[in-house]
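Trainee: Please take me through this structure. I want to see how each label is earned.

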Amino acid sequence: MNITAILSAQALRMTEIHKPIYVPDLVDAVQKKYGFVRVPTTPQEMLPADETTPLTFVHGKFVHEGRIIVIQNIQLFHRAIAVDSGSASEDSGIVLDDLLSWTSEFVRPTANLPRMYLTQMEAKLDGNFGFSYDRMSPLLMTLARMIGSYATLGPEGGFPPAFQLVSIGMKINPAQYVLPCELKIERRANQLFESNLYFVQAPLMTDHVRQLLEEYEAVLREAAPSPSVSPSEPPPPSSR
């Protein structure tokens, strides 16, 4: 497994405002603390009409134990704070903890709600993603036969090649637990399957995503290839 790019590495906390904040002073303090290049400046940016629109600070830095953490952005929502370092969600968590520590006079984390994470990356995986779900093989073969019944397909004319799964997604029932995103592993758009290049998203710390992908790779390597599709007769059309 080879991670080719970290696209987003966020740490998030739900928060509550327990003392009024003069927004221009807050913006000035955050900019001076982390040296952001872009900050809210207009009245519309500082006081958005929609509570779901955050105050967004772009491209700053934080020095932690002699190491510079480049901050891709900080978003201050009405009831949440999100930090994206663009490198590792663990670093984003360090910045988030620092931000909450010096703003604690005004903002506190919502009780009984843990910190959440969102990692998005691009990775090359070993193993055949498309052939790792043998129980789906009958459905995929039926789909191929249906397509083949419409026209002569393929570079030499003939039965179409086998369909392969290109994406998996999993999430928790939001009535049970709220997460910032679903688990998603899908082939990169406009890439040949042979590239084994994937977009990966998970509500996990970046290092935990690496561990998850390593385990998933082991599953792919052990999976037996699904049976190839044979050019049998297509199913009869529906009578409806």
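Trainee: Why is Glu122 called buried?

Mentor: Remember that this is a predicted model. Buried means under 20% relative accessible area. Glu122 has a relative accessible area of 17%, so Glu122 is buried.

Trainee: Where is Glu122, and what does Glu122 touch?

Mentor: Glu122 sits in strand 6, residues 116–124. Leaving out residues up to four places away in sequence, Glu122 touches Asn2, Ile3, Thr4, Ala5, Leu7, Arg188, Leu197 and Tyr198.

Trainee: Why does Asn196 count as partly exposed?

Mentor: Partly exposed runs between the 20% and 50% cut-offs. Asn196 has 22% relative accessibility, so Asn196 counts as partly exposed. Asn196 is in the loop between strand 8 (183–187) and strand 9 (197–202).

Trainee: What is notable about the phi of Asn196?

Mentor: Phi is positive, about 55°, although Asn196 is not a glycine. His59 also has a positive phi, near 60°, and is a residue other than glycine.

Trainee: Why is His59 called partly exposed?

Mentor: His59 is at 45% relative accessibility, and exposed needs over 50%, so His59 counts as partly exposed. His59 lies in strand 2.

Trainee: And what makes Thr53 partly exposed?

Mentor: The value for Thr53 is 38%, between 20% and 50%, so the label is partly exposed. Thr53 is in the loop between helix 2 (43–46) and strand 2 (55–64). Thr53 and Leu76 are 23 residues apart along the chain, and their C-alpha atoms are separated by 8.7 Å.

Trainee: What is known about the largest pocket?

Mentor: The volume of the largest pocket is about 450 Å³. It is lined by 21 residues, and the closest to its centre are Ile17, Leu55, Leu76, Phe77 and His78. By class, the lining has 15 nonpolar, 4 polar and 2 charged residues. Strand 1 (2–17) and helix 1 (23–34) each supply at least two lining residues.

Trainee: How many residues does helix 3 have, and how far does helix 3 reach?

Mentor: Helix 3 (residues 89–102) has 14 residues and reaches 20 Å from its first C-alpha to its last. That is close to the 20 Å expected at 1.5 Å a residue. Its buried residues include Val95, Leu96, Leu99 and Leu100.

Trainee: How confident is the predictor?

Mentor: The protein averages a pLDDT of 86, and 83% of the residues score at least 70. Over residues 226–232 the pLDDT is below 50. Beyond near neighbours in sequence, that stretch has 15 contacts in the model.

Methods: Residues are numbered from 1 along each chain as its sequence is written. This is a predicted model: local features need pLDDT of at least 70, side-chain atom pairs count only at pLDDT 80 or more; totals for chains, interfaces and linings use all residues. Side-chain values use heavy atoms; hydrogens and water are left out. Helices (H or I, at least four residues) and strands (E, at least two) are DSSP runs, numbered from the N terminus. The expected span of a helix is 1.5 Å times one less than its number of residues. Buried means under 20% relative accessible area, exposed over 50%, partly exposed in between (1.4 Å probe, protein chains only). On a 1 Å grid over the protein atoms alone, a cavity is a set of points where a 1.4 Å probe fits but cannot get out, and a pocket is an open set with protein on both sides within 12 Å along at least five of seven lines; lining residues have an atom within 4 Å of a point. Grid points are joined across faces, edges and corners, and a volume is the space filled by probe spheres set on the points. Ala, Val, Leu, Ile, Met, Phe, Trp, Tyr, Cys and Pro count as nonpolar, Asp, Glu, Lys and Arg as charged, and the others, Gly among them, as polar. pLDDT is the predictor's confidence in each residue, from 0 to 100. Contact means heavy atoms within 4.5 Å.
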